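Thank you all for coming; I would like to take a few minutes to walk through how the strands in one model are arranged. Please have a look at the sequence and the structure while I talk.

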Amino acid sequence: MNAEKSPDSRIVKHAVLGDMPAQKEVTIYFEGKPLKALEGEPIMATLVAAGVTVFRYTKKGSPRRMFCGIGRCTDCVMTVDGVPGVRTCVTEVREGMRVERQQGVGSWKVQAEASHAQ
Ligand code: FES
């Protein structure tokens, strides 16, 4: 198959689909590192374009990569904005999103808002 790729390995021209349309860029943070993302793409697409291959670790420490890619397994779950267990293959990026690998089922890192603390 003939496809032209950008430096970050995204397909920019496809043999059948032609030129990929321009998309707005947003920034997400993977374990604190800023990454360029394309609005509307799944978190996993951004991470793969950035060279990330391990998305989580089991509770025994085994690495997990993409498996189904359609939201049916749990191999891509990560902690997103403090919420563990988010399936990154079917969750769209948002500006400023913070994504971290998790071990096992992960843990919540969301702080209670002041109105809920009383
Ligand atoms: S890779 Fe299976 S749910 Fe995401």
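What follows is a short tour of strand pairing, taken in two parts.

Before I begin, please keep in mind that this is a predicted model.

Let me start near the beginning of the chain, with strand β1, which covers residues 3-5, and strand β2, which covers residues 11-14. These two strands run antiparallel and are joined by 3 bridges, and if you look for Lys5, you will find that it stands opposite Ile11 in β2. Together β1 and β2 make a hairpin, with 5 residues lying between the strands, and in that turn Ser9 has a positive phi of about 70 degrees.

Which strand does β2 pair with over 2 bridges? That partner is β3, made of residues 18-19, and the pairing is again in the antiparallel sense. Here His14 stands opposite Gly18 in β3, and the link from β2 to β3 is a hairpin through 3 residues.

Now for the second part, which concerns a sheet further along the chain. In what order do the strands of the open sheet of 3 strands come? The order is β7-β6-β11, and the pairing within this sheet is mixed. Its edge strands are β7, at residues 63-64, and β11, at residues 102-103, each of which pairs on one side only. Strand β6, at residues 56-57, pairs with β11 in the parallel sense over 2 bridges, and within that pair you can find Arg56 standing opposite Gln102 in β11.

Conventions: Residues are numbered from 1 along each chain as its sequence is written. This is a predicted model: local features need pLDDT of at least 70, side-chain atom pairs count only at pLDDT 80 or more; totals for chains, interfaces and linings use all residues. Two strands pair if DSSP finds at least two bridges between them. Helices (H or I, at least four residues) and strands (E, at least two) are DSSP runs, numbered from the N terminus.
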